[in-house]
Amino acid sequence: MMDREYKRIILLDHYNNPNNKKLIEDKRYKSVHNASESCIDDLTVYMLAEDGIIKDLVFSGIGCTISTASTDIMCDLLKGKSFEEARTILNNYENMVSEKPFDEDVLEEANAFDTLYQQANRIKCGTIGIHAIEELIDEYTE
Amino acid sequence: MFDVNKVRNDFPMIRNNKDLIYFDSGATSFKPDRVIKAIMDYYTLYNSNIHRGDYDISISVSKTYDDTRKTIARFINADDPRCIVFSSGSTASLNLVAYNFGRNFLKECDVILTSQVEHASNILPWFKAREEAKANIEYIPLNPDATFDLKKYEECFKDKNIKVVVLPYVSNVMGYIYPIKEITRIAHEHGALVSIDGAQGVPHVKIDVKDLDVDFLSFSSHKMLGPAGAGVLYGKYELLEKMEPMMYGGDSNARFYNDGTIILKNVPEKFESGTPCIEGVLGMNEAAKYLMELGMENVEEYGRYLTRYFIDRLKNLDNVEIYNPESEAGIVAFNLKGIFAQDAASYFNKCGVALRSGNHCAKLLQNVINVTETLRATFNVYNTTEEIDRFVDIIKDTTIEKCVDSIL
């Protein structure tokens, strides 16, 4: 378990200085736009993959601390991973935010969201970018 | 002026939630006891359908239902209760108007003149009407703070075939009371009709449809202390007569025949197919009476007072940006500097303050005020300056760290 202060530092760092927030116009990237119906979060995630490996993963758009930080952390985590490894991480994340058993070892900084399940109205913020990433993997593997 | 403590005591939501500060009445208002009692009485004392039974309880509920038209007519100062059409709410009323313009009142290249402050319910139906009639939509240029400039508005009529002007009485994000009387006069001078979204205006401002001379006014019960599921379309009788219903079915028809001929009832019944939300209409009846007893002048004045009080207190804070400092009708749009609106709203929830964040269904407004999301505090007759003081103390000490902590 991370302590609260450490979690706060991780979240604010990824919100204020996201590593992976940029607009992509490179046609080789696939993109998925995901906008929340009930709030303002409006993100587009871009993925470049080759031979079943995620080469690059970035996002653009408008989001709150939770949607921005969760998407940025996941981009960090999944870059360089195979689709299979990525799916394992994503499934564990989904389990974590729905209060099901999960493997914290694979989630690294994403463990900062281990109490998000307690905030029913914010779970959608913590999954908006994640769902876009899942959709991108589905598109690549279809 | 009414005694706000006495008013608060009329609302079970206030009595039962001593620590809650509810600043989201713009989304839906609390209901006083007498509204809830009207609904309970209907289900416990004279549950029956309207306009169908030859027995006492049905006759009695039909009478109260029909008398509600008189109450609502009095509430907005309409002469003729037949001009009060019951609907499921503002959205249904606004759709009924736009639908008729699209099918019957507009021709190719006619212009629908509206603005970018519109709530989705007062713009999407017009997108469909435009499509149906092959008409055009034009937006009135507003000032950068989304206030209304009558001169710029009047200029819109130059060389344009404007057939209808579509505006809110009060913007649901900005809280400005638009000068509807002048807007209507100018529209009529140019041969255009006027349809007003009264969802945020009717609950807070004294409305006189005769004086305003608007052609249509739509509003919801649930924002004016009544139950959800009921609302009103006020329309001028001769226009309502020319309109067709969006739905057909029981109660709205007089006769129908094998060959498909339908003879509809008269206005307003022809628009009211199927068993309506009877409890909603009966509750709305009591809500309108309650507001009239408080006096809509007083409701309006108190709303203006709370709005002014909150804005003046916010102006003293360095960490707040206000988007509608001239707001009048119980709506304040603002942000905490450097904090995303939803992060702040979630933190305020932890502190016992309920308010809304986001774009408030007015998704074109960002083109005018250049802000994608705001916090929105909305007040009603049961809110107090003490609540505002408590909230301002919370805002003063709000940091992004506290907001993030609230989810950790």
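Buried area is the accessible area that two parts lose on being put together, summed over both. Keep that idea handy, and remember as you click around that this is a predicted model.

**Stop 1: where the chains meet**

Show chain A and chain B in two colours. Between them they bury about 1,800 Å², and 59% of that is on carbon and sulfur atoms. Now select the residues in contact: chain A puts in 22 residues and chain B puts in 15 residues.

How many salt bridges are there between chain A and chain B? The count is 2. To see one of them, pick A:R122 and B:D343 and show their side chains, which meet in a salt bridge with 2.6 Å from N to O. Side chains of opposite charge can pair when their charged atoms come close. You can also look for polar contacts here: 7 residue pairs make them across the interface of chain A and chain B.

Next, hide chain B for a moment and look at the side of chain A that touches it. Three elements give two or more residues to that side: α1 (4–16), α2 (65–78) and α4 (123–141) of chain A. Which of these gives the most? It's α1(A), with 6 residues. Colour that side of chain A by residue type and you get 11 nonpolar, 5 polar and 6 charged residues.

**Stop 2: a salt bridge inside chain A**

Stay with chain A and select A:D56 and A:K79. They form a salt bridge, with the closest N and O atoms 4.0 Å apart. Follow the chain from one to the other: A:D56 is in strand β3 (residues 53–62), while A:K79 is in the loop between α2 and α3 (83–97), so the pair links distant parts of the chain, 23 residues apart. Turn on the surface and compare the two partners. A:D56 counts as buried at 17% relative accessibility, because the cut-off for buried is under 20%. A:K79, with a relative accessible area of 28%, is partly exposed.

**Stop 3: salt bridges in chain B**

Bring chain B back and select helix α4 (residues 56–75). Here B:K63 forms a salt bridge with B:D67, and their closest N and O atoms are 2.7 Å apart. Why can you find these two about one helical turn from each other? Because they are 4 residues apart in that helix. B:K63 counts as exposed, at 51% relative accessibility.

Now move along to B:R69, also in helix α4 of chain B. B:R69 forms a salt bridge with B:E272, the closest N and O atoms being 2.9 Å apart. B:E272 is in the loop between β10 (262–264) and α11 (278–294), and the two residues are 203 residues apart along the chain. Are these partners buried or exposed? Both B:R69 and B:E272 are buried.

For a bigger group, select B:R34, B:E286, B:K289 and B:E293, which are linked in a network of salt bridges. Over all chains, the salt-bridge count comes to 32.

**Stop 4: a glutamine in a loop**

Select B:Q200, in the loop between β6 (193–197) and α9 (209–212) of chain B. B:Q200 is buried, with a relative accessible area of 6%. Zoom in on its side chain: a polar atom there lies 2.9 Å from the backbone oxygen of B:G26. Apart from neighbours within four places in sequence, the residues in contact with B:Q200 include B:V170, B:N172, B:K223, B:I331 and B:R376.

**Stop 5: an alanine in another loop**

Jump to B:A135, in the loop between α6 (124–133) and β4 (136–139) of chain B. At 5% relative accessibility, B:A135 counts as buried. Leaving out neighbours within four places in sequence, B:A135 is in contact with B:L106, B:K107, B:C109, B:D110, B:I112 and B:R130. Then try a distance: from the C-alpha of B:A135 to that of B:N161, 26 residues apart along the chain, you'll get 10.0 Å.

**Stop 6: the cysteines**

Last, show the cysteine sulfurs. A disulfide is a covalent bond between the sulfur atoms of two cysteines. How many disulfides are there over all chains? The count is 0. Take B:C403: its sulfur is 8.5 Å from the closest cysteine sulfur, in B:C351, which is too far for a bond. B:C403 is buried, with a relative accessible area of 3%. B:C83 is buried too, with a relative accessible area of 6%.

How values were computed
Residues are numbered from 1 along each chain as its sequence is written. Chains are lettered from A and ligands numbered from 1 in the order in which they are written. This is a predicted model: local features need pLDDT of at least 70, side-chain atom pairs count only at pLDDT 80 or more; totals for chains, interfaces and linings use all residues. Side-chain values use heavy atoms; hydrogens and water are left out. Contact means heavy atoms within 4.5 Å. Buried area is the accessible area (1.4 Å probe) that two parts lose on being put together, summed over both. A polar contact is a pair of N or O atoms within 3.5 Å; within protein, one must be able to donate a hydrogen and the other to accept it, and residues adjacent in sequence count only if both atoms are side-chain atoms. Ala, Val, Leu, Ile, Met, Phe, Trp, Tyr, Cys and Pro count as nonpolar, Asp, Glu, Lys and Arg as charged, and the others, Gly among them, as polar. A disulfide is a pair of cysteine sulfur atoms within 2.5 Å. Buried means under 20% relative accessible area, exposed over 50%, partly exposed in between (1.4 Å probe, protein chains only).
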